[in-house]
Amino acid sequence: MFGISGTQAITMTDRAVTQIIKLMKDENHYGLRIGVKKGGCAGMEYTMEYVQGKEAHDEVVEQNGARVLIAPMAQMFLFGTEIDYEVNLLDSGFRFKNPNVADACGCGESIKFKDIDELTAVGNHQHSR
């Protein structure tokens, strides 16, 4: 994993934990895998899918009964992210508060990450502490 030994890659708010547990229980899923893919107007998009098990290089984060798996290609981009679950009059859904995002589109669905060299330098600095 890209990050600090002994530190979870991501955190979840209580609302996110509650929603993930509900989703896991409703359909008897092992957890929720998050990742990133190319797409959207800013260049990248988050992905989320239910999974029945862990794949070889997934990073597993468990918090108060909620289980999130981070796809290998997304680990560097998601380190330090807080996942929240918001409900308002117009919509509801997971929100990512990600310190690695350099820019996002107006709807918040598409993101642009900091330069890969900058992310690697920050990760190496944090890992060496």
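**A tour from Gln19 to strand β2**

Begin by selecting Gln19, which counts as buried because its relative accessibility is 16%, and buried here means under 20%. Keep in mind as you look around that the model on your screen is a predicted one.

With Gln19 still selected, show the residues around it, leaving aside its neighbours within four places in sequence, and you will find that Gln19 is in contact with Tyr85 and Phe94.

Next, widen the selection to helix α1, residues 14-27, which is where Gln19 has its place. Colour the buried residues of this helix, and Ala16, Val17, Gln19, Ile20, Leu23 and Met24 will light up. If you then ask for the distance between the end C-alpha atoms of α1, the value is 20 Å, which agrees with the 20 Å that its 14 residues should span at 1.5 Å a residue. Step just past the helix to Asn28, which follows α1 and has a positive phi, near 55 degrees.

Now move on to strand β2, residues 31-38, where six of the eight residues are buried, so the strand is largely enclosed by the rest of the structure. Which strands should you look for beside it? Add strand β3, residues 44-51, which runs antiparallel to β2 and is joined to it by eight bridges, and then strand β5, residues 66-70, which pairs with β2 in the parallel sense over three bridges.

Finish by selecting Leu32, which stands opposite Tyr50 in β3 and also stands opposite Val68 in β5.

Conventions:
Residues numbered from 1 in each chain as written. Predicted model: local features only at pLDDT ≥ 70, side-chain atom pairs only at ≥ 80, totals over all residues. Heavy atoms only, no water. Buried < 20%, exposed > 50% of the residue type's maximum accessible area, 1.4 Å probe, protein only. Helix = DSSP H or I, 4+ residues; strand = E, 2+ residues; numbered from the N terminus. Pairing = 2+ DSSP bridges. Contact = heavy atoms within 4.5 Å. Expected span 1.5 Å × (residues − 1).
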